[in-house]
Amino acid sequence: MTATTYTFKGLLTEDGWIANAVVKLDASGNILSISESEKPDGEIINGYALPGFQNAHSHAFQYAMAGLAELHTDTGLADDFWSWRNAMYGLALTLSPEQMQAVATMLYTEMARHGYTAVAEFHYLHHDKDGKPYANLAEMGARLIAAAKTAGIRITLVPMFYQQGGFGQEPVERQKRFISNTIKDYYKLLESSDAAAKAYENANVGIGIHSLRAVKPEDVIAVCNALDGSRPFHIHVSEQLKEIEDCVAFHGKRPVQWLLDNCNVNGNYHLVHATHLDDSEVKGIAQSGANVVLCPSTEGNLGDGLFRFEDYKKYNGNWSIGTDSHVGLNPLEELRILDYGQRLISHKRTTFVNPGQGNSGFNALKMAWQAGRKAMGAPSQQFFAVGQPFDAVVLKATSPLAATASLQNLCNTFVYTADVSDIAGTIVSGKWISKNGKSEKREEIVEDFVKVLTELGTRV
Ligand SMILES: [Zn+2]
């Protein structure tokens, strides 16, 4: 039985736009039918529905320091990724579960406002401030799930296995909140995370290893061997040159090469960053069917480097986007930063297409969405299909540029020119979680966030 009906000026499918699309949903927000009709029905929206953006990499607590670590003082040391990481550890050491929840609720509400309908939370801040586990091992994960529930966004909580301070090194004091000593400890955490996810119908749990430097090689192999494809697997890899050097010194191999040689890398793997690759690694990732999660605004902010997109594209490699440290939250901007970094070094304008064919904006949206869905453990290949929950971001048809663009130029108009003011709203399972920039509890959420940030003093 139809519970909700929407009519959009247009709805994007893999085969192009359906004009005047009437979408009928059941009481759970699943799609019953999509049809093109001259007769509008239900809630009539002067906007274009696209599949909701997928945020495949997030560290929620880092939102509290977004845009900071930019007052550069003369310490005599380089101000790079590692100095930023020090500032980040300072924040990680102080957050309580309540503060984590307030920060994450604000962040996820902002993600929803920017059109994200799902987030993969790469979560490693597990324990209490003294490093001891909370009574509920997944206390912090439960807070992240509660935050997503309040914001209305889907969450894939990916609790991270984090065991050591570097290749062959004990963890340092500042990492004490992250640590699971053994695989058994980590699996217990995973089990508790599964229990925590039951509190929200739009939550599920992935599996992950923070990075090759953070877990002993035999344990990386054991975790990877035990993967059965029921959960997406996430790992940070090859973000920093120093990490490559340390890996080569320890293993005699570069990180991605080591992973390819020792684990059954496949389409269930989500390699976050993969910035510094040699030729065989580029080819190896693509041919394994694995996915790369690119975080262009954060990678740019941290000075990581540029992913070898052009070479990866030659092998039809899969990729998604994530906002990582949340210095940027606009998914369209992530795509632009990614594209423009490549254009600036290739002197070509065909990052997302093969020369002479294709539609850049559409291809970018499609690639990022498809691998993004897989990163959530939801390997659906269709934007909108009967029986699937209706998750969409709706772009205003009244924005000056969209109002004057033909259907074939619409995706490009959005990808290359739009910002959050062009978004009419975001829908998850048929319900608006953000509309005209507002959500149900927004004022309360902002108030809590400001209170917590004032307590923390992070942004002073
Ligand atoms: Zn990360």
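**Exercise 1. Determine which element gives the most residues to the lining of the largest cavity, and describe that lining.**

Step 1. In this predicted model, the element that contributes most to the lining of the largest cavity is α1, which supplies five residues.

Step 2. The cavity itself has a volume of about 180 Å³, and a search of the whole structure finds four cavities of 30 Å³ or more.

Step 3. The lining comprises 19 residues, and those closest to the centre of the cavity are Phe81, Met88, Tyr124, His210 and His236. The elements that give two or more residues to this lining are α1, β9 (207-211) and α9 (296-302).

Step 4. Sorted by class, the lining of the largest cavity consists of eight nonpolar, seven polar and four charged residues.

**Exercise 2. Identify the residues that coordinate the zinc ion, and state where His59 and His236 lie along the chain.**

Step 1. The zinc ion is coordinated through the NE2 atoms of His57, His59 and His236, at 2.1 to 2.2 Å.

Step 2. Along the chain these donors follow the spacing H-x1-H-x176-H. The pair of histidine 59 and histidine 236 links distant parts of the chain, 177 residues apart, with histidine 59 in the loop between β5 (53-58) and α1 (81-92) and histidine 236 in strand β10 (residues 233-237).

Step 3. Buried means under 20% relative accessible area. Histidine 59 counts as buried because its relative accessibility is 3%, and histidine 236 is likewise buried because its relative accessible area is 8%.

Step 4. His236, one of the zinc ligands, is also among the residues closest to the centre of the largest cavity.

**Exercise 3. Describe the second largest cavity by its volume, its lining residues and their classes.**

Step 1. The volume of the second largest cavity is about 100 Å³.

Step 2. Its lining is formed by Pro51, Gly52, Phe53, Gln54, Ile321, Leu335, Ala364, Leu365, Ala368 and Trp369.

Step 3. Both β5 and α12 (360-375) supply at least two residues of this lining, and α12 gives the most, with four residues.

Step 4. By class, the lining of the second largest cavity divides into eight nonpolar residues, two polar residues and no charged ones.

**Exercise 4. Explain why strand β14 is described as largely enclosed, and name the strands with which β14 pairs.**

Step 1. Four of the five residues of strand β14 (residues 392-396) are buried, and therefore the strand is largely enclosed by the rest of the structure.

Step 2. Strand β4 (residues 43-51) pairs with β14 in the antiparallel sense over five bridges. Within this pairing, proline 51 stands opposite alanine 392 in β14, and Pro51 is also one of the residues that line the second largest cavity.

Step 3. β14 also pairs in the antiparallel sense with strand β15 (residues 423-428), over four bridges, where isoleucine 423 in β15 is the bridge partner of leucine 395.

**Exercise 5. Place isoleucine 337 in its helix, and decide whether this residue is buried, partly exposed or exposed.**

Step 1. Isoleucine 337 belongs to helix α11 (residues 331-346).

Step 2. Because its relative accessibility is 34%, isoleucine 337 counts as partly exposed.

Step 3. When residues up to four places away in sequence are not counted, isoleucine 337 touches Pro296 and Ser297.

Step 4. Isoleucine 337 and alanine 64, which are 273 residues apart in sequence, are 22 Å apart in space, C-alpha to C-alpha.

Terms used. Residues numbered from 1 in each chain as written. Predicted model: local features only at pLDDT ≥ 70, side-chain atom pairs only at ≥ 80, totals over all residues. Heavy atoms only, no water. Donors = N, O, S within 2.8 Å, 3.2 Å for Na, K, Ca; no water. Buried < 20%, exposed > 50% of the residue type's maximum accessible area, 1.4 Å probe, protein only. 1 Å grid on protein atoms, 1.4 Å probe; cavity = no way out; pocket = protein on both sides within 12 Å on 5 of 7 lines; lining within 4 Å. Points joined across faces, edges and corners; volume = space filled by probe spheres on them. Nonpolar A, V, L, I, M, F, W, Y, C, P; charged D, E, K, R; others polar. Pairing = 2+ DSSP bridges. Contact = heavy atoms within 4.5 Å.
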